[in-house]
Amino acid sequence: MNLTRREFLQVLSAAGMAGFALSACGRGNGNGGTLTRPDATGSPYELRPYGNVSLLHYTDCHGQLLPVYFREPHVNLGIGEMQGRPPHLVGRHLLNHYGLEHPNLWSHAYTHLDFVHLAEQYGRVGGFAHLATLVKHIRAQRPGALLLDGGDTWGGGSGTGVWTHAQDMVDAQLLLGVDIMTGHWEYTFGADRVQEILQNDFAGRIDFVAQNVVDVDWEERVFKPYVIREINGVNVAVIGQAFPYTPIANPRHLMPEWSFGIRHREMQESVDQARAEGAEVVVVLSHNGMDVDIKMAGLVNGIDAIMGGHTHDAVPAPLEVRTPAGGTCLVTNGGSNGKFLAVLDLNFANGRIEGYRYHLLPVFANLIDPDPEMSRYIEDLRHRTVTFDGETFRMADKLGEALAVSDDLLYRRGNFNGTFDQLICDALMEQVDAQISFSPGFRWGTTVLPGMPITFEHVMDQTGLTYPAVTRNEMRGEMIKTILEDVADNLFNKDPFYQQGGDMVRVGGLRYAIDPTRDIGERITAMELDGKPIDPNGTYVVAGWASVQEQPMGDTGRKIWDVVADYLRDHQTVRITDLNEPVLKGVDGNPGRAPAD
């Protein structure tokens with residue numbers, strides 16, 4: 001059942017659930033703050049004003065305009081110095097670290113525990129109409145607050161995003177009142193489209209910042225590195241950090257004249273320049289991923305806080321990272337899919353930050369009235385008629401098609417195969433007649449509860465991007481192992497600066513074991529197909545999608561969403577009886593691993 005808003009508040013008040021407010025910061029210990037209780041009202045959205053500088057932050061919404069179900073991971077392994085440190089805590093390990101109880105609203109927001117039962121009880125999360133109401137409410141409590149968008153807003157998981165060429169989210173951002181943003185999946189719409197939006201839609205309204213994107217010929221910055229805004233008499237610099245490995249994780253041909261990278265030395269120069277121009281507080285709006293942000297915070301002086309994204313980690317409290325000069329940098333990560341709104345309050349006095357409060361607020365649709373203006377916009381948008389790939393249709397009609405029914409919980413989130421990943425892999429093998437399938441380790445994609453119809457919108461949530469070609473190729477066993485080793489090194493390299501984005505490639509048909517603690521070339525073992533060892537010199541038919549090549553080898557001429565939709569229409573009912581997760585070695589006791597529950 002779904003609780004009413006009144007019942008929600010009664011539960012909150014009766015249970016006295018743990019809240020999100022953090023005590024004033026002192027010297028950092030790198031372990032995050034201690035969670036305390038909310039206001040006596042019991043409402044998670046009634047936040048006592050604090051300090052004189054407030055920043056609101058959301059990230060990685062991936063085009064989700066409506067409320068969704070979204071399950072947090074049960075596997076998010078930290079390796080080396082990252083083991084046991086946020087964000088690499090899942091399930092009860094995360095709850096114990098932050099002193100949170102289970103089951104309740106907060107444990108449901110932050111973990112996968114008892115997901116189906118609690119999702120049926122608490123309802124959907126996110127939705128831009130509900131987020132808009134919450135933003136307006138928090139801003140009314142905090143005059144002058146800035147709203148920061150961490151990127152992955154325009155694309156990666158949205159039918160309306162693909163069909164409107166990102167205009168759906170651009171108009172939503174303007175209605176929401178975004179002040180500053182940085183990017184990642186935005187670039188997959190192409191450099192020309194990005195510049196068109198910045199020069200026309202965003203001009204004079206939203207600042208797009210990225211200090212680490214330069215042109216390949218002259219290494220001149222493509223975007224503004226930072227902006228300085230005054231908040232209640234305090235000069236605040238917001239420096240942008242785009243995803244450093246965009247041309248590797250995504251097709252380079254979409255932005256051929258732009259070069260990315262972490263560029264932490266240039267970050268130091270941007271911080272110093274902003275300080276020289278009068279910035280009293282410096283915040284980085286980052287799409288690095290949290291591990292990269294933590295390392296960067298320890299290398300660069302003068303950053304007060306990093307409000308991060310990319311890895312989709314919902315981290316309840318900032319990590320306090322010691323800078324080279326002995327200062328403290330707060331490192332945060334704000335979840336995904338429009339599920340959270342972060343609020344960072346700073347008390348700037350006597351030339352320094354004397355304290356802070358941080359709240360990572362889950363956006364529960366049952367608990368927040370939708371904003372009427374945003375609701376009208378979303379409704380009108382979805383009922384527009386568009387022409388895409390030679391077909392003219394009303395978007396709501398296409399998105400609403402029920403393709404099949406799920407007998408299982410379908411999700412994608414975690415280091416290895418989720419059940420929706422398995423569905424995609426199974427569809428690829430059956431539809432294009434392949435022995436093995438590869439599906440990218442994308443973190444975006446919404447969740448389908450057991451018994452729900454699987455709609456075409458759910459398929460687009462999982463597959464909607466600008467390079468959807470499905471491929472079918474023959475590969476030697478040796479090449480298959482090389483691919484798995486390369487992806488594993490991107491994910492589990494002990495140096496965060498060499499982690500190039502995404503989770504482990506999802507596989508169908510193939511089974512294998514992995515030891516994330518080993519070095520490249522030694523992680524993948526026990527590769528099997530149909531119970532027989534993979535022959536390094538043998539040849540296997542492999543299906544895949546989302547190739548970063550401009551003209552993918554083995555292009556079947558089909559798009560991934562059509563392949564998955566046809567598979568679902570053929571089967572009518574989906575049941576994942578044997579989730580193809582690898583055998584994990586070397587990670588016993590790792591708090592980034594828990595039962596799937």
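**Exercise 1. Place Val227 in its strand and decide whether Val227 is buried or exposed.**

Step 1. Val227 sits in strand β6, residues 226-231. Strands (E, at least two residues) and helices (H or I, at least four) are DSSP runs, numbered from the N terminus.

Step 2. Val227 has 8% relative accessibility, so Val227 is buried. Buried means under 20% relative accessible area, exposed over 50%, partly exposed in between (1.4 Å probe, protein chains only).

Step 3. Beyond four places in sequence, Val227 contacts Ile180, Asp207, Val209, Val236, Ala237 and Val238. Contact means heavy atoms within 4.5 Å.

**A note on the model.** This is a predicted model: local features need pLDDT of at least 70, side-chain atom pairs count only at pLDDT 80 or more, and totals for chains, interfaces and linings use all residues. Residues are numbered from 1 along each chain as its sequence is written, and side-chain values use heavy atoms, without hydrogens and water.

**Exercise 2. Find where pLDDT stays under 50.**

Step 1. pLDDT is the predictor's confidence in each residue, from 0 to 100. Its mean for the protein is 93, and 93% of residues reach 70 or more.

Step 2. Residues 7-41 stay under 50. For them the model has 95 contacts beyond four places in sequence.

**Exercise 3. Say how many residues of helix α7 are buried, and name them.**

Step 1. Helix α7 covers residues 167-176, and 7 of its 10 residues are buried.

Step 2. They are Asp168, Met169, Val170, Ala172, Gln173, Leu174 and Leu176.

Step 3. Look just past α7: Gly177 has a positive phi of about 90 degrees.
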